[in-house]
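The exercises below ask you to read helix packing from a structure, and each is followed by a solution in steps. Please look through the sequence and the model before starting.

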Amino acid sequence: MAELIYPWVKALHVIAVISWMAGMLYMPRLFVYHCSATVGSKQSETFKVMERRLYKAIMNPAMMLAWVAGLYIAWDRGFLMDGWFHGKLAAVVLMTVIHILLGRYVRDFASDRNTHSHKFYRVINEIPTLLMIVAVILVVVKP
């Protein structure tokens with residue numbers, strides 16, 4: 001039975017990770033543009049809606065699915081004790097921390113309390129990319 005389920009769980013994991021990463025890369029870019037919008041303007045209010053929907057409707061479900069499917073795969077395939085898996089898990093934990101921080105920034109913008117510059121969000125935008133590179137190398141190369 002597990003052999004029948006595994007490819008579907010793996011496909012779900014890949015789809016969830018792609019969706020999560022798309023949000024993780026797009027959200028800081030929205031923040032960069034939101035920084036230049038005047039508080040209370042139509043543009044600022046539009047960014048608030050976009051950010052909230054991206055976070056709640058795409059990023060949160062994708063992250064949860066990525067975690068559940070990924071942990072199932074690690075358990076099913078016996079990866080839990082492998083060194084490369086520990087490295088990947090660390091990268092995913094850090095990605096989750098960034099995800100939570102992005103949620104805080106969404107709430108800050110929603111309350112018109114953003115204190116960061118567009119340069120800050122440009123730097124934040126690079127962190128998920130680096131973590132993704134580490135995770136992919138660890139999974140594919142298994143050093």
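Contact here means heavy atoms within 4.5 Å, and helices are DSSP runs of H or I with at least four residues, numbered from the N terminus. The model is predicted, so that local features need pLDDT of at least 70 and side-chain atom pairs count only at pLDDT 80 or more, while totals for chains, interfaces and linings use all residues. Residues are numbered from 1 along each chain as its sequence is written, and side-chain values use heavy atoms, with hydrogens and water left out.

**Exercise 1.** Determine how α2 is oriented against α3.

*Solution.* Begin with the axes, which are lines fitted to C-alpha atoms over the stretch in contact, with angles running from 0 to 180 degrees between N-to-C directions. Helix α2 (residues 42–76) packs against α3 at an angle of about 160°, and their axes are 11 Å apart. That makes α2 roughly antiparallel to α3, a term for angles over 145 degrees.

**Exercise 2.** Find which residues of α2 and α3 meet.

*Solution.* From α2 the residues include Glu-51, Tyr-55 and Met-59, and from α3 they include Leu-102, Val-106 and Ala-110.

**Exercise 3.** Decide where Ala-110 lies and whether Ala-110 is buried or exposed.

*Solution.* Ala-110 belongs to helix α3 (residues 83–110). With a relative accessible area of 45%, Ala-110 is partly exposed, the class between buried (under 20%) and exposed (over 50%), using a 1.4 Å probe and protein chains only. Finally, the C-alpha atoms of Ala-110 and Glu-51 are separated by 8.8 Å, although the two residues are 59 residues apart along the chain.

Key: Helices (H or I, at least four residues) and strands (E, at least two) are DSSP runs, numbered from the N terminus. Angles under 35 degrees count as roughly parallel, over 145 as roughly antiparallel, 65 to 115 as roughly perpendicular and the rest as oblique.
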